[in-house]
Amino acid sequence: MTRVSRDFGNTMQKDAVPAVSADVVFASSRFPNYKIGANNQVVDGKDDPKVLSMKEVVARETAQLLEQQKRLSVRDLANKFEKGLAAAAKLSEEAKLREAASLEKHVLLKKLRDALESLRGRVAGRNKDDVEEAIAMVEALAVQLTQREGELIQEKAEVKKLADFLKKASEDAKKLVDEERAFARAEIESARAAVQRVEESLQEHERLSRASGKQDFEELMKEVQEARRIKMLHQPSKVMDMEHELRALRIQLAEKSKCSLLLRKELAMSKRIEEKLSDSYELDGSEALGSYLRIKPCSNNGPELSKCSIQWYRVPSEGGKRELISGATKSVYAPEPFDVGRILQAEITYNGQQITLTTTGAVDPAPGLGSYVEALVRKHDVEFHVVVTQMNGVDHPSESIHVLHVGKMRIKLCKGKMTISKEYYSTSMQLCGVRGGGNAAAQALFWQAKKGVSFVLAFESERERNATIMLARRFAFDCNIMLAGPEDRSPLGS
């Protein structure tokens, strides 16, 4: 058994293995990743199994182009073919690079095999077996490299065939685009020529019609003058009558012009009055539930509000037809829960002139009122202390404290142990805020228990008044009754 000395590696490097030629150019900075499979077959180890081969990439691109060809325009199709031609050229370049790299690999494998052959004659024993196994591995690599070269040649032929096809298709597409462009230009030129001919014919017709019309008018004037001369010679009395009629018509025309001038002056005056009215009033107050809005004069030039008619309206914030608020004809209006989220308008009419004042935005809800009402809903009967200010439209002089019971099925008004009114929720019942009055309008409501029985009730605070309205409408809604004011269109759940 031959013993290998310690400096065997240095000796093999210096003597056994010749230096690699300097003319070899490596395709990459590392040796290819090969593995030995079953039956000593060399397997190419791929880093990413998802990477497609060149043949698969070319097939996929060709399928996509053929699929999109049906729905692309001519110009887009030409652009696609040009891009495909560029991609084919790029693939051809990559194939050339792969061929060069394959050639470099052949040179490298040949030099490696020669080095191992020279080494096999200098070693013995187990090292010689290793060298022979390495030589077998190099030969297997050479065989697989040859197979890869065959596949590469086939792919190169397919790429070349695809490039020729794309080049021809691109030329056909360019030719088709040029034909379409030439056809479109011819159509445009013919259309321009037709338009120009039509314009020239219209101008000629207009010139001829003007000339003929002027000539006919001159001839007609001559005939009229001749007829007048003949009539004046034969019937002078009729001519005098016509002159009197013309004089009367001129007098009437002068009177009409005077009337028209007077009407213009009145119209200008009415416009000045309308502009003056629009600058004379404004809405004052907080645009929120629990407060009130007042029409406030801005100057002393406008007429007194007592001499004007007033009507309030509510308008949906998202736009739509405005709704008249029945009975709201005073200069003060206190919003109720039904007005929350809506815009309010006040229309002022004076001497036939109308101006409209509008809130800057929708009416805001009162803070904390919703949670307060939700807490009251859990109770079966809720009591509120009120003062009756009107009964059936007549002022009520007594200022004694009454108790208003709002229940789930009915509303009851009591004074001590005496029941003044007790009614179940029905379609004849009405409940809303007081539409008019002074500063206390925000604390009062109108309740019609039934037809012919109505009350105006004043509460201790605006919060209790609005909570009463919301609570009663909630209970009435549970009984399938829409509780609102006179002529109101109450939405569900309001």
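Here are four short exercises on the structure above, each with a worked solution.

This is a predicted model, in which local features need pLDDT of at least 70 and side-chain atom pairs count only at pLDDT 80 or more, while totals for chains, interfaces and linings use all residues. Residues are numbered from 1 along each chain as its sequence is written, and side-chain values use heavy atoms, with hydrogens and water left out.

**Exercise 1: A helix and its span**

Task: Work out what span the 17 residues of α7 should have, and how far apart the end C-alpha atoms are.

Solution:
- Start with the naming: helices (H or I, at least four residues) and strands (E, at least two) are DSSP runs, numbered from the N terminus.
- Next, the rule: the expected span of a helix is 1.5 Å times one less than its number of residues.
- For the 17 residues of α7 this gives 24 Å, and the end C-alpha atoms are 25 Å apart, which agrees.
- Now look at cover. Buried means under 20% relative accessible area, exposed over 50%, and partly exposed in between (1.4 Å probe, protein chains only).
- Among the buried residues of α7 are Ala467, Ile469, Leu471 and Phe475.

**Exercise 2: A salt bridge within one helix**

Task: Find the partner of Glu151 in a salt bridge, and say in which helix the two residues lie.

Solution:
- A salt bridge is a side-chain nitrogen of Lys or Arg within 4 Å of a carboxyl oxygen of Asp or Glu.
- Glu151 pairs with Arg148, and their closest N and O atoms are 3.2 Å apart.
- Both residues lie in helix α4, 3 residues apart, about one turn of the helix.
- An α-helix has 3.6 residues a turn, so residues three or four places apart point the same way.
- Glu151 is partly exposed at 39% relative accessible area, and Arg148 is partly exposed at 44%.

**Exercise 3: Salt bridges between elements**

Task: Decide which elements are tied together by the pair Glu323 and Arg342, and which by the pair Glu374 and Arg474.

Solution:
- Take Glu323 first: its salt bridge with Arg342 has its closest N and O atoms 3.5 Å apart.
- Glu323 lies in strand β6 (residues 323-324) and Arg342 in strand β8 (residues 342-350), so the pair ties together parts that are 19 residues apart in sequence.
- Glu323 is buried at 7% relative accessibility, and Arg342 is buried at 17%.
- Then take Glu374, which forms a salt bridge with Arg474, the closest N and O atoms being 3.1 Å apart.
- Glu374 belongs to helix α6 (residues 369-377) and Arg474 to helix α7, so this pair ties together parts that are 100 residues apart in sequence.
- Glu374 is partly exposed at 38%, and Arg474 is partly exposed at 33%.
- Salt bridges that share partners also join a network, whose members include Glu323, Arg342 and Arg473.
- Across the whole structure, a search finds 15 salt bridges.

**Exercise 4: Positive phi angles**

Task: Locate Asn392 and Glu487, and give the phi of Asn392 and of Glu487.

Solution:
- Begin with the background: most residues other than glycine have a negative phi.
- Asn392, in the loop between β10 (381-391) and β11 (394-395), has a positive phi of about 55° although it is not a glycine.
- Asn392 is partly exposed, at 42% relative accessible area.
- Glu487, in the segment after α7 (462-478), has a positive phi of about 60° and is not a glycine either.
- Glu487 counts as exposed, at 63% relative accessibility.
- For one more case, look just after α7, where Asn480 takes a positive phi of about 65°.
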